[in-house]
Protein chains: 2
Amino acid sequence: ANGRIDLTHGGGGRAMQQLVEELFVAAFDNDALNQRNDQAAFDVPPEMLRGGRMVMTTDGYVISPLFFPGGDIGSLAVHGTVNDVAMAGARPLSLSAGFIIEEGFPLSDLKRIVDSMANASREAGVPVVTGDTKVVEKGKGDGIFITTTGIGVVPPGVNVSGDRARAGDAVLVSGTMGDHGVAVMSQRESLGFDTAILSDSAALHTLVADMVAATPDIHVLRDPTRGGLASTLNEIAVQSGVGIALRESDIPVRPEVKGACELLGLDPLYVANEGKLICICAPEHADTLLAVMRAHPLGRDAALVGTCVEDSHAFVTMRTAMGGNRVVDWLAGEQLPRIC
Amino acid sequence: ANGRIDLTHGGGGRAMQQLVEELFVAAFDNDALNQRNDQAAFDVPPEMLRGGRMVMTTDGYVISPLFFPGGDIGSLAVHGTVNDVAMAGARPLSLSAGFIIEEGFPLSDLKRIVDSMANASREAGVPVVTGDTKVVEKGKGDGIFITTTGIGVVPPGVNVSGDRARAGDAVLVSGTMGDHGVAVMSQRESLGFDTAILSDSAALHTLVADMVAATPDIHVLRDPTRGGLASTLNEIAVQSGVGIALRESDIPVRPEVKGACELLGLDPLYVANEGKLICICAPEHADTLLAVMRAHPLGRDAALVGTCVEDSHAFVTMRTAMGGNRVVDWLAGEQLPRIC
Ligand SMILES: Nc1ncnc2c1ncn2[C@@H]1O[C@H](COP(=O)(O)OP(=O)(O)OP(=O)(O)O)[C@@H](O)[C@H]1O
Ligand SMILES: Nc1ncnc2c1ncn2[C@@H]1O[C@H](COP(=O)(O)OP(=O)(O)OP(=O)(O)O)[C@@H](O)[C@H]1O
Ligand SMILES: [Mg+2]
Ligand SMILES: [Mg+2]
Ligand SMILES: [Mg+2]
Ligand SMILES: [Mg+2]
Ligand SMILES: [Mg+2]
Ligand SMILES: [Mg+2]
């Protein structure tokens, strides 16, 4: 109907059947999905038979704008969920995708998003095996929301968890901080500035696989998404009951990102990333892991940025470039609504 | 802040952390979720080590009203996803839950929904192991949307699929048709009528486990949700390439549901169910399965309602109570927006 989603596309009848068939199933195309059952069935992966563990994760994507330099809501929904699986040191197996679409949404935009999602999924080697399509009345949604869930398998012997940071551990990041957030903000008309910065949105599971292969005993992995490096480190500090001492001059931030942040009065440490990870490991493993990360295309700018310390308050602190010391606190509210 | 959700509750900072901790994690309370990692890790179930297969399914819940006689969006989101896992003949293992909440949504309603969800999950024995919380600006959502994903394991030797119906097979239903849809519609102010009908919303996995234990070779299982019995049978007919011949007088429909449908000009065969299943099996298994179903509290009104027939058009037809024959067609658009 004139190139827009209407309520029949979510109604459970023939119109929906056709949309699912011709748009979603055609794009995601894989054996499990092609069964067209209420659920996708697939074989148990070999690691599970050898003592691995299962993992499951979910995220809703409610971003604005839907398309941004370096990606869109579709690729982001795949990368974000693949990454949350990978942050267990796990191999991602498959994804589900639930779409909540607002009446009137252009079919051409939907197709662009689904194609991008299918591409990201194919590149990552993690198929979208099952999905759902709901349409809400105009004014009761915001274009499109996507909720992806991922499952994966942790290889036997790997035990990565946010509560395993210990005083003395090294804190590494896989690259520059703040690229995603700044790339998205550059697209918001209201902000009216333009940068050449692309989102870092990427699937990190092959990087993680290399790291785990080199050092199975990684303590913590986490991707600094909403709330950026600062928020994520505060979470880990509380979970593990340690302090974290950062060195500002060692934290990689692109000059363009630094510039944009100054313009906007933002701190890049609180700006979202979608293709970076934090790794916390025993100090004796830091060099090996840095080398492995730097050898991977997604870890070229990896750096050692700090150390875990004894601190019953679980504070994150930073020695600034000027030589002072400051607390890197939680974000009280939210800095940047709805960009990831 | 004054009992309503605001944007900070989805912002990734301390306010969100606190909401997640005190509301969601407290209610869903289980070991995997309590790890508080980006993903939940848990052991591989024994069936998988003995040749079982994995299943995954997802559904978004965008219903109105959020509370209805016999349930609410929270219990529905658990039952619906548990059921889609069970319709593979599988044992559900765990759930994820993604929440998209509109700014201004009452915290008391959220708590009621989450508690109901936690109860449904506990009763079913299927934990919510991981979740996500996003808040959208006022006017960009509709109170609350929940997307649940479920995973499960198909016991070795079980092979249930929508393409396995064969001419000659028996078509069974586990109980009365249309209860959920009518219960929900009775709550819509605009319809202004009142019935004593409760939604049938229920988790069917223990019923399925009994059926599979008695007859591992069930051909098809599917829950007739959106679009009701008629739409679901049309899907199966196409998938399997068979016709389906129903007998109207054998299809159980409560008199109150029949009455309400007449009032509203609806056909109960197209009205949604949330605690019923369709089972298609070889004719020689029909009696055993009917007996097993009737012995389970959720299958007391189980009935044999039709037969699969050779038909290259894959039509669903019905011998009416009056003795005529009619095609039970696909729904062109949608009959009842957003009730399941
Ligand atoms: N957006 C989508 N992307 C990929 N597959 C989809 C999508 N929407 C639906 N599907 C697939 O289509 C099939 C039917 O899905 P559908 O949602 O109609 O069934 P259901 O979940 O049992 O019904 P309901 O959602 O009404 O409860 C499933 O195999 C599902 O994986
Ligand atoms: N509504 C919820 N119900 C249950 N658990 C939740 C809910 N929301 C978040 N969680 C849990 O809180 C933890 C942190 O989730 P959060 O969404 O903040 O992390 P993330 O997905 O890595 O970040 P982001 O969503 O910003 O990408 C996870 O363990 C998650 O399972
Ligand atoms: Mg996440
Ligand atoms: Mg994460
Ligand atoms: Mg569905
Ligand atoms: Mg479903
Ligand atoms: Mg179903
Ligand atoms: Mg999340």
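These are my notes on one sheet and one ligand site in a predicted model.

**Entry 1: the sheet**

I looked up the strand order first. The sheet is open and has 5 strands, running β1(A)-β2(B)-β7(B)-β5(B)-β6(B). I noted mixed pairing. Which strands sit at the edges? They are β1 (40–43) of chain A and β6 (128–136) of chain B, and each pairs on one side only. From one strand to the next, I get an average twist of 15°.

**Entry 2: one strand pair**

I then checked β5 (residues 91–102) against β7 (residues 144–154), both of chain B. The two run antiparallel, and 10 bridges join them. I picked out I100(B) and found its bridge partner in β7(B) to be F145(B).

**Entry 3: around ligand 1**

I listed the surroundings of ligand 1 and found 18 residues. N37(A), D132(A), T133(A), D59(B) and R226(B) come nearest. Why do I call the site shared between chains? Residues from both A and B surround ligand 1, so it is shared.

By class, I logged 6 nonpolar, 5 polar and 7 charged residues in the shell.

**Entry 4: polar contacts and cover**

I went through three side chains. T133(A) puts a polar side-chain atom 2.8 Å from a nitrogen atom of the ligand. For R36(A), a polar side-chain atom is 3.5 Å from a ligand oxygen. In D84(B), a side-chain N or O atom lies 3.3 Å from an oxygen atom of ligand 1. On its own, ligand 1 has 610 Å² of accessible area, and the protein covers 92% of that.

Last, I asked which elements give two or more residues to the shell. They are α1 (14–28) and β6 (128–136) of chain A. The largest share, 5 residues, comes from β6(A).

Notes
Residues numbered from 1 in each chain as written. Chains lettered and ligands numbered in written order. Predicted model: local features only at pLDDT ≥ 70, side-chain atom pairs only at ≥ 80, totals over all residues. Heavy atoms only, no water. Pairing = 2+ DSSP bridges. Helix = DSSP H or I, 4+ residues; strand = E, 2+ residues; numbered from the N terminus. Axes fitted to C-alpha atoms, helices over the stretch in contact; angles between N-to-C directions. Near = heavy atom within 4 Å. Polar contact = N/O pair within 3.5 Å; in protein donor to acceptor, adjacent residues only side chain to side chain. Areas by Shrake-Rupley, 256 points an atom, 1.4 Å probe, with all protein chains shown as cover. Nonpolar A, V, L, I, M, F, W, Y, C, P; charged D, E, K, R; others polar.
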